[in-house]
Amino acid sequence: MLSNKLLALSITLALVSTRMMAADNPGSHQHGHAEMQLAFTESQVEIQLMSPAGNMLGFEHHPHTPEQHQIEERVTNWLAENPLVNTLESTCQIQATTIQHEVAGGHDHDGHSHGDPNQHADITVTQILTCPGLNKSASLTTPLTARFPALEHLDIAWAGPDEQGATRMEQGESSFRFGR
């Protein structure tokens, strides 16, 4: 269960980052873009990652083929098993992960899809991590931009006990400073 301090930071982060992201991201679903929000204490960080499904899966509908089912399973397993951030000095440990797929609407019957091809789907990942040395680190790394090449821009917002801020990572970048 989240501590009251971490919960308060999460609420602050949501309010601050919504304003910051809205100015830079006029649409809530932009292919090639994702948003990550972090709320941290001395050694724990709560993360929420929101991305169009196409950035991670390569498609935005219910899987139709065996290959698409395998892709969805591999991506879901990877997101569940890998911390979305680490310190430069050590690997963070996952305490909890939640993955939500908001898959495009429509329905299948007789092997034919009847969904709207213009609909969009999103993936939201929430992780709670314990990161040794987090209180001493000024930078974090993320494997997201390397793992998902369709992810061109990752907007990151964070809040901690003494600071808050935001940055944007471009394709191929793997670390960012968060102001300590």
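The following exchange explains how several features of this predicted model earn their names.

Reader: What does the protein chain comprise in helices and strands?

Author: The secondary structure of the protein chain comes to four helices and 11 strands. Of its 180 residues, 42% are buried. The chain exposes about 9500 Å², and carbon and sulfur atoms supply 50% of that area.

Reader: How do you know that Cys92 and Cys131 form a disulfide?

Author: The sulfur atoms of Cys92 and Cys131 are 2.0 Å apart. The cut-off is within 2.5 Å, so a cysteine pair at that separation is a disulfide. By this rule the count comes to one disulfide. In general, a disulfide is a covalent bond between the sulfur atoms of two cysteines.

Reader: Why is the disulfide of Cys92 and Cys131 called right-handed?

Author: The torsion about the S-S bond of Cys92 and Cys131 is about 115°, and the disulfide is therefore right-handed.

Reader: Which parts of the chain does the pair Cys92 and Cys131 link?

Author: The pair links distant parts of the chain, 39 residues apart. Cys92 is in the loop between strand S3 (86-87) and strand S4 (93-102), while Cys131 is in the loop between strand S7 (122-130) and strand S8 (139-141). Both Cys92 and Cys131 are buried.

Reader: Why is the pair of Trp78 and Phe148 called edge-to-face?

Author: The structure holds two aromatic pairs, one of them formed by Trp78 and Phe148. Their ring centres are 5.4 Å apart, and the limit for pairing is within 6.5 Å. Their planes stand at 90°. Planes over 60 degrees apart count as edge-to-face, so the name applies to this pair.

Reader: Where in the chain do Trp78 and Phe148 lie?

Author: Trp78 is in helix H3 (residues 66-81), and Phe148 is in the loop between helix H4 (144-147) and strand S9 (153-159). This pair, too, links distant parts of the chain, with the two positions 70 residues apart in numbering. Trp78 and Phe148 are both buried.

Reader: What makes Gln127 a buried residue?

Author: The relative accessible area of Gln127 is 0%. Buried means under 20%, so Gln127 meets the criterion. Gln127 has its place in strand S7.

Reader: What does the side chain of Gln127 reach?

Author: The side chain of Gln127 reaches the backbone oxygen of Leu79 at 3.1 Å. In addition, a polar atom of this side chain lies 2.9 Å from the backbone oxygen of Asn82. Beyond residues up to four places away in sequence, Gln127 touches others including Val45, Ile47, Pro83, Ile94 and Thr97.

Reader: Why are Ser137 and Asp155 called buried?

Author: Ser137 has 2% relative accessibility, and therefore counts as buried. Asp155 has 3% relative accessibility, and therefore counts as buried. The cut-off in each case is under 20%. Ser137 lies in the loop between S7 and S8, and its side chain reaches the backbone oxygen of Ser139 at 2.6 Å. The C-alpha atoms of Ser137 and Phe178 are separated by 8.8 Å, although these residues are 41 positions apart along the chain.

Reader: What makes the approach of Asp155 to Arg168 a polar contact?

Author: Asp155 lies in strand S9. Its side chain comes to 2.7 Å from the side chain of Arg168 in a polar contact. The distance limit for N or O atoms is within 3.5 Å, so this value satisfies it.

Reader: How do you know that S1 and S2 pair?

Author: Six bridges join strand S1 (residues 33-40) to strand S2 (residues 44-52). Pairing calls for at least two bridges, so S1 and S2 are paired. The two strands run antiparallel and form a hairpin with three residues between them. Phe40 stands opposite Val45 in S2. S2 is also joined to S7 by nine bridges, again antiparallel, with Met50 opposite Thr124 in S7.

Reader: What makes S3 and S11 edge strands?

Author: Three strands form an open sheet with antiparallel pairing, in the order S3-S8-S11. S3 and strand S11 (175-177) each pair on one side only, and they are the edge strands. S3 is joined to S8 by two bridges. The requirement is at least two, so S3 and S8 pair. Thr87 stands opposite Leu140 in S8.

Methods:
Residues numbered from 1 in each chain as written. Predicted model: local features only at pLDDT ≥ 70, side-chain atom pairs only at ≥ 80, totals over all residues. Heavy atoms only, no water. Buried < 20%, exposed > 50% of the residue type's maximum accessible area, 1.4 Å probe, protein only. Phe/Tyr/Trp six-rings, centres within 6.5 Å; stacked < 30°, edge-to-face > 60°. Polar contact = N/O pair within 3.5 Å; in protein donor to acceptor, adjacent residues only side chain to side chain. Contact = heavy atoms within 4.5 Å. Areas by Shrake-Rupley, 256 points an atom, 1.4 Å probe, with all protein chains shown as cover.
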